[in-house]
Amino acid sequence: MAWQHTVYAYPILFATALSVVLGAYAVARVRRRGRSPTLLAFAAMTGAIAIWTGFSALKLLSTDPTVQFRSYQLLHVGSAAVGPLLLLFTLAYTDRSRWLTPSLSVGVFVVPVAFVALLITNPYDVAIIDTRIVDADGLVVWRADRGPAHVALSFVYAALMAALTLAVVLSESVRTGRTYYPQAALLTVAVVAPIGASFLTVAGAPPFGREGVNLVPAAAGLSVAALGVATFRYRLLDLPPIAYTTAMRESPDGILVLDSNGQIVHSNESVGRLLGVSPPFTGTPADAVLPELCDETADGRTLEVTTSEGDRALELRSQPLRSQETTVGRVIVLRDVTAQKRYERSLELRNEQGELLNQLVRHDIRNEMGLVLGLLRRVDPELEELREDSPEAHDRLAEYTDRIRSNCEHVVDLTETVGELLRTIDQREREPRPVDLAPVLEEELEVVAAAFEDARVETDAEIPDATVYADEMLSSLFYNLLTNAVVHNDGPRPEVTVTAVESDDRITVSIADDGPGFPEQPRELLTGETPLTEYEGSGYGLYIVRSLAEGYGAELSVADNRPTGSIVTIRLVRAGDEREPEAVPAVAVADAAPSDGTGTPIERERPSDDAAGWSND
């Protein structure tokens, strides 16, 4: 076999060698990490490029027409497969695995297979019209005149595959942001270089010519070089960067990536929401966004920031980014711990006031029961006077008074049991968990509606089928809010309307009544503006409801209803995609549903008009 030498073969041989290296690298990763669509498509693509460029080099270096013709046929086996394989690789790399169906994976090769079959058989000269040997500056070059099948099934189809691949690359770069711009640029070069050279060859633009050396395989060297840089410099075959970017984008925590100069090079949308400022932050000095970010400590700290939505507590953590023992930047994570800090402040107050609340409630109960027993003692002499006049009436009333006396004494005894129960609850740990909202709220609506037949208790819309973070005491919270709305209504037929609205991260439940409205001090107690130690009067149930809500990471608020009444709103944390609230200690619950000792709540009876709920008087 005769050979000829030309410098045009160098970039083609370089592309072949680098394709083999990249293919071997991908195969080694498959053996080490297992098969994945990304690695398999990359290995097949580099193999196709190696076939294309290898036989292109052989065709150029050989002077034997037969070898040149067979090389021409075989090089198209590789070149026809490059476009579809590059598209499949791009889909796999950008995590569009739902598109990588067997039908698509096979379908993109129907045209290349048909073209290669026609190229080999060439019926009616549909692929190759004529062949010839030309002299190109002393080189023996084998050339072919392409037929219609060659143009349609090879050139046009390759352009279509390139356009689809570029569309995927560009959409991914927009989706992920500037972090993946280098990879996107290199993939764009890999796609554009061969197809661009093909267009220039068809157009006859120098140095690309119809009768000279075919430089399209040489342009493949640029494509392979771009793939090599992307693979080894920008970790093209590593899927974790895609996963990290997705996690960063969807995370409720604020995440900032800083370079070695303290400039922000990447951030997610949660940063603006947590700091109450508008993005973008890219290219901004870190200390301009938040002065505390200039501190390079890796220890966790809590920051207080003021936003348009109010004060917010953020936990800040800083982690250095190192490459080859050199610090190249930092990652800053901002986590919203407002609810946790609010609860901790409430917990500190409660620890100081828990025993005071315990003693106050027990003291008030004993005093009330003492008053009732005192009145009974005053009734006893008058009952004795009835013994002779009306024995039946005496016996009936005596039975009632004995029952009242026994119940009062039992209640006094229960205060000691309740005191111990409160201490036990106060010491245990309670962790909010996902609870279905609709069944709990609907059950309490039914209970209150049955207990107060003269009241109108209803919802204005269907309760969302949503899950919130709470615990078994959520029913007690709703029960107390509903009964309070009914009991403290001086109208002939109290009306209570419950509204439940869902958003991305919260479920808002509003309980509106048409009563006289909240007095100022109980309102402040419910919203946490008045410490319990400064509150003079009853209304400890409000404090307990507030403690329960804060334990769930929820928010309570009170507003005036129009034209009269109040609206109590509780914004519960939605369970599911959101981060679960931190575990918090239990609160002392004086108004919890009574139990039979096994943990099963006893069915509630209808409360009397002067005994249900708490007092706002």
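In this predicted model, strand β12 (residues 495–502) and strand β13 (residues 506–513) run antiparallel to each other and are paired over seven bridges. One position shows how the two strands line up: Val496 stands opposite Asp513 in β13.

This pair belongs to a wider arrangement. An open sheet is formed by five strands, and their order is β10-β12-β13-β15-β14. The pairing within the sheet is mixed. At the edges stand β10 (456–459) and β14 (555–560); each has a single partner strand, so one side of each is left without a neighbour in the sheet. On average, and with direction ignored, neighbouring strands of this sheet are turned by 15 degrees against each other.

A helix accompanies the sheet. Helix α14 (residues 437–451) lies across four of the strands, namely β10, β12, β13 and β15 (566–573). Relative to β10, helix α14 runs at about 165 degrees.

The loop between β14 and β15 deserves a closer look, for Pro563 is placed there. The peptide bond that joins Arg562 and Pro563 is cis, with an omega of about 5 degrees.

The next topic is the packing of helices. Helix α2 (residues 37–61) packs against helix α3 (residues 65–93) at an angle of about 155 degrees, and their axes are 7 Å apart. Because of this angle, α2 is roughly antiparallel to α3, the cut-off for that description being an angle over 145 degrees. The crossing in which α2 passes α3 is left-handed. Sorted by class, the residues of the contact of α2 with α3 are 23 nonpolar, six polar and one charged.

A second pair of helices may be read in the same manner. Helix α1 (residues 9–33) and helix α8 (residues 216–232) pack at about 35 degrees, with 8 Å between their axes. The crossing of α1 and α8 is also left-handed. On the α1 side, the residues that take part include Pro11, Phe14, Leu18 and Tyr25. They belong to a group that meets residues of α8, among them Pro217, Val224, Leu227 and Phe232. The contact of α1 with α8 comprises 14 nonpolar residues, four polar residues and no charged residues.

Single residues add detail to this picture. Leu187 is located in helix α7 (residues 181–203). Its relative accessibility is 4%, and therefore Leu187 counts as buried. The C-alpha atom of Leu187 is separated by 9.4 Å from that of Leu86, although the two residues are 101 residues apart along the chain.

The loop between α5 (110–121) and β1 (128–136) contains Asn122, and Tyr124 is found in the loop between α5 and β1 as well. Asn122 is a residue other than glycine with a positive phi, near 50 degrees. Tyr124, likewise not a glycine, has a positive phi near 55 degrees. Is each of these residues buried or exposed? Asn122 has a relative accessibility of 19% and so counts as buried, since the cut-off for this term is under 20%. Tyr124, by contrast, is exposed, because its relative accessible area is 80% and the term applies over 50%.

Finally, the protein may be viewed as a whole. It contains 17 helices and 16 strands. Of its 617 residues, 44% are buried. Among contacts between residues at least 6 apart in sequence, 67% join residues at least 24 apart.

Conventions: Residues are numbered from 1 along each chain as its sequence is written. This is a predicted model: local features need pLDDT of at least 70, side-chain atom pairs count only at pLDDT 80 or more; totals for chains, interfaces and linings use all residues. Side-chain values use heavy atoms; hydrogens and water are left out. Axes are lines fitted to C-alpha atoms, for helices over the stretch in contact, and angles run from 0 to 180 degrees between N-to-C directions. Angles under 35 degrees count as roughly parallel, over 145 as roughly antiparallel, 65 to 115 as roughly perpendicular and the rest as oblique. A crossing is left-handed if the near helix is turned anticlockwise from the far one by less than a right angle, and right-handed if clockwise. Ala, Val, Leu, Ile, Met, Phe, Trp, Tyr, Cys and Pro count as nonpolar, Asp, Glu, Lys and Arg as charged, and the others, Gly among them, as polar. Two strands pair if DSSP finds at least two bridges between them. Contact means heavy atoms within 4.5 Å. Buried means under 20% relative accessible area, exposed over 50%, partly exposed in between (1.4 Å probe, protein chains only).
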